[in-house]
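Here's a quick tour of one part of a structure, written for someone who would rather look at the coordinates than read about them. Keep the viewer open as you go.

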Amino acid sequence: QVQLVESGGGLVQAGGSLRLSCADSGRTFSSYVMGWFRQAPGKEREFVAAISWSGGSTLYAVSVKGRFTISRDNAKNTLYLQMNSLKPEDTAVYYCAAAPGAYSINWYSASNVYHYWGQGTKVTVSS
């Protein structure tokens, strides 16, 4: 069973940084591809980043590439998203998600491949 809990959201000024965490209380964290998605008010949920089970492969949305870094610590059953140079348009609720399988990381930008989702953590970037 996968149970995901996000933390680390908050209010930050444009140009600032935040690090989100996603902890899994289950025992199978290391076998899942993990992803971050976000949903801004009035918009659809969108892909942010994904990381393979080993951490060796990553994938980023164009809008965050070079500013955000996804990483994982399988010993701690925890996923991270380091967000730098934040912009007001990064304001959203951020969700972590877990997907089974071991396909190319490029498959994992689609939300429908993820089976488990956290409850979300809100990030607000002020201008």
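## S30 and its surroundings

S30 sits in the loop that links β3 to β4 (33-39). Keep in mind that this is a predicted model. With a relative accessible area of 34%, S30 is partly exposed, because that class covers the range between 20% and 50%.

What does S30 touch, once residues up to four places away in sequence are set aside? The list is W53, R72 and N74. P41 makes for another story: S30 and P41 are 11 residues apart in sequence, yet their C-alpha atoms are 32 Å apart in space.

## The four-stranded sheet

β3, the strand before that S30 loop, belongs to an open sheet of four strands. The order is β1-β3-β8-β7, and the pairing is antiparallel. β1 (4-7) and β7 (68-73) are the edge strands; each has a single partner, so one side of each has no neighbour in the sheet. Going from one strand to the next, the twist averages 15°.

Look at the pairing of β3 (residues 18-24) with β8 (residues 78-83): six bridges hold the two together in the antiparallel sense. If you want a spot to check by eye, L20 stands opposite L81 in β8.

## β7, β8 and the hairpin

β7 and β8 also run antiparallel, joined by six bridges. Here T69 has Q82 in β8 as its bridge partner. Side chains in a regular strand alternate between the two faces of the sheet. In β7, the covered face has F68, I70 and R72, while T69, S71 and D73 are on the uncovered one. R72, from the covered face, is also one of the residues that S30 touches.

The two strands make a hairpin with four residues between them. N77 is in that turn, with a positive phi of about 55°, even though N77 is not a glycine. Is N77 buried or exposed? N77 is buried: its relative accessible area is 18%, and the class applies because the value is under 20%.

## Another positive phi

Most residues other than glycine have a negative phi. S85 is not a glycine either, but has a positive phi of about 50°. You'll find S85 in the loop between β8 and β9 (92-99). S85 counts as partly exposed, at 41% relative accessibility.

Notes. Residues are numbered from 1 along each chain as its sequence is written. This is a predicted model: local features need pLDDT of at least 70, side-chain atom pairs count only at pLDDT 80 or more; totals for chains, interfaces and linings use all residues. Side-chain values use heavy atoms; hydrogens and water are left out. Two strands pair if DSSP finds at least two bridges between them. Axes are lines fitted to C-alpha atoms, for helices over the stretch in contact, and angles run from 0 to 180 degrees between N-to-C directions. Buried means under 20% relative accessible area, exposed over 50%, partly exposed in between (1.4 Å probe, protein chains only). Contact means heavy atoms within 4.5 Å.
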